[in-house]
Amino acid sequence: TYHRTGLYPLPLPTGLGSEGAGVVEAVGPGVTVVSPGDRVAYAGGPVGSYCEARVMPADRLVKVPDGITDQQAAAVML
């Protein structure tokens, strides 16, 4: 919301969104903290959580427990 309103301007062109949740599709070499199929959430880091898919550093991800929706997980990360 802050980026969309211009309160925190971003250099253009850019994506939007700082918090997100989803499912890990693949991991890079040496990644052991998450695996494909894990549900995860994150906040901060590079903007772009509005996108459909993205690359995120594994150390920024938090596993989401069963019973928590993606919407709840992303909101809690705020």
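**Close-up views of a predicted model**

**View 1. Strands β1 and β2 run antiparallel, joined over 5 bridges.** In this predicted model, β2 covers residues 39-43. Within this pairing, Gly-22 has Val-40 of β2 as its bridge partner.

**View 2. Stepping back a little, we meet an open sheet of 3 strands.** The strand order is β1-β2-β3, and the pairing is antiparallel. At the edges sit β1 (19-23) and β3 (62-63), each of which pairs on one side only.

**View 3. Helix α2 lies across β1, β2 and β3.** This helix is made up of residues 70-77. Relative to β1, helix α2 runs at about 145°.

**View 4. Here is Arg-60, found in the loop between β2 and β3.** Which residues does Arg-60 contact, leaving aside its neighbours within four places in sequence? They are Ala-41, Tyr-42, Ala-43, Gly-44 and Gly-45. Take Gly-45 as an example: Arg-60 is 15 residues away in sequence, with a C-alpha to C-alpha distance of 7.7 Å. Arg-60 is partly exposed, as its relative accessible area is 35%.

**View 5. Tyr-2 and Tyr-8 bring their rings together as an edge-to-face pair.** A search of the whole structure turns up 1 aromatic pair. The ring centres of Tyr-2 and Tyr-8 are 5.2 Å apart and the planes meet at 80°, so the pair is edge-to-face; planes over 60 degrees apart count as such. Tyr-8 has a relative accessible area of 45%, so this residue is partly exposed.

Note on methods. Residues are numbered from 1 along each chain as its sequence is written. This is a predicted model: local features need pLDDT of at least 70, side-chain atom pairs count only at pLDDT 80 or more; totals for chains, interfaces and linings use all residues. Side-chain values use heavy atoms; hydrogens and water are left out. Two strands pair if DSSP finds at least two bridges between them. Helices (H or I, at least four residues) and strands (E, at least two) are DSSP runs, numbered from the N terminus. Contact means heavy atoms within 4.5 Å. Axes are lines fitted to C-alpha atoms, for helices over the stretch in contact, and angles run from 0 to 180 degrees between N-to-C directions. Rings of Phe, Tyr and Trp (its six-membered ring) pair if their centres lie within 6.5 Å; planes under 30 degrees apart count as stacked, over 60 as edge-to-face and the rest as tilted. Buried means under 20% relative accessible area, exposed over 50%, partly exposed in between (1.4 Å probe, protein chains only).
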